[in-house]
Amino acid sequence: MNKIEEFRSFRSKMNEKLINSDDKVVKRIFSLDSLAYKEGKLNVQTKELIGLTCSLVLRCDDCVKYHIEKCVETGLSKEEILEAMSLSTLVGGTIVIPHLRRGYDYLEEVLNEK
């Protein structure tokens, strides 16, 4: 199984377990997350770029992977995604660089999958 399949499989399996756990807080946070990324005053591409940059600054590799996939799904170019990722390094500082590396690597894998 490659990195993308492994990430998607684990995320899907665990999301299902969490959603089926009957924990109202978990269900509500999942619902809120889904609602927040729907089209609104900001378009979906902009929201996904914001999600990606925040995820890099917060150093959440799983979140970075998720938002990279969503950015590609919404039709953002590699250059647009990389520009947003570079801003996160400026905001978050050099501690973001390891996450930037892994994010760049994952972006290339996702783009090669297409």
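Start with the crossing of helix 4 and helix 6, which is right-handed in this predicted model. Select 61–73 for helix 4 and 97–113 for helix 6. Two packed helices are described by the angle between their axes and the distance between the axes. Here the angle is about 35 degrees, and the axes of helix 4 and helix 6 lie 10 Å apart.

Next, show the side chains that make this contact. From helix 4, pick Asp61, Val64, Lys65, Ile68, Glu69 and Val72. From helix 6, add His99, Arg102, Gly103, Tyr106, Leu107, Val110 and Leu111. Colour the contact by class and you should find seven nonpolar, two polar and four charged residues.

**Into the cavity**

Keep those two helices on screen. Rolling a probe the size of a water molecule over the atoms shows where empty space is left. The structure holds one cavity of 30 Å³ or more, and the largest cavity has a volume of about 40 Å³. To find this cavity, select its lining: Asp61, Val64, Lys65, His99, Arg102 and Gly103. Helix 4 and helix 6 each supply at least two residues of that lining. Its make-up by class is three charged, two polar and one nonpolar.

**The largest pocket**

Now move to the largest pocket, with a volume of about 420 Å³. Its lining counts 19 residues; centre your view on Arg11, Asp33, Cys63, Tyr66 and His67, which lie nearest the middle of the pocket. For the wider frame, display helix 1 (3–19), helix 2 (24–36), helix 3 (44–58) and helix 4, the elements that each give two or more residues to this lining. Helix 3 provides the largest share, with six residues. Coloured by class, the lining of the largest pocket shows 11 nonpolar, four polar and four charged residues.

**The second largest pocket**

For the last stop, leave Arg11, Asp33 and Tyr66 selected, as they also line the second largest pocket. Add Asn15, Ile29, Phe30, Ser34, Tyr37, Val44, Glu48 and Lys70 to complete its lining. The space in this second pocket is about 250 Å³. Helix 1, helix 2, helix 3 and helix 4 each give two or more residues to the lining of the second largest pocket. Which helix gives the largest share here? Highlight helix 2, which contributes four residues. A final colouring by class gives five nonpolar, two polar and four charged residues around the second largest pocket.

How values were computed: Residues are numbered from 1 along each chain as its sequence is written. This is a predicted model: local features need pLDDT of at least 70, side-chain atom pairs count only at pLDDT 80 or more; totals for chains, interfaces and linings use all residues. Side-chain values use heavy atoms; hydrogens and water are left out. On a 1 Å grid over the protein atoms alone, a cavity is a set of points where a 1.4 Å probe fits but cannot get out, and a pocket is an open set with protein on both sides within 12 Å along at least five of seven lines; lining residues have an atom within 4 Å of a point. Grid points are joined across faces, edges and corners, and a volume is the space filled by probe spheres set on the points. Ala, Val, Leu, Ile, Met, Phe, Trp, Tyr, Cys and Pro count as nonpolar, Asp, Glu, Lys and Arg as charged, and the others, Gly among them, as polar. Axes are lines fitted to C-alpha atoms, for helices over the stretch in contact, and angles run from 0 to 180 degrees between N-to-C directions. A crossing is left-handed if the near helix is turned anticlockwise from the far one by less than a right angle, and right-handed if clockwise. Contact means heavy atoms within 4.5 Å.
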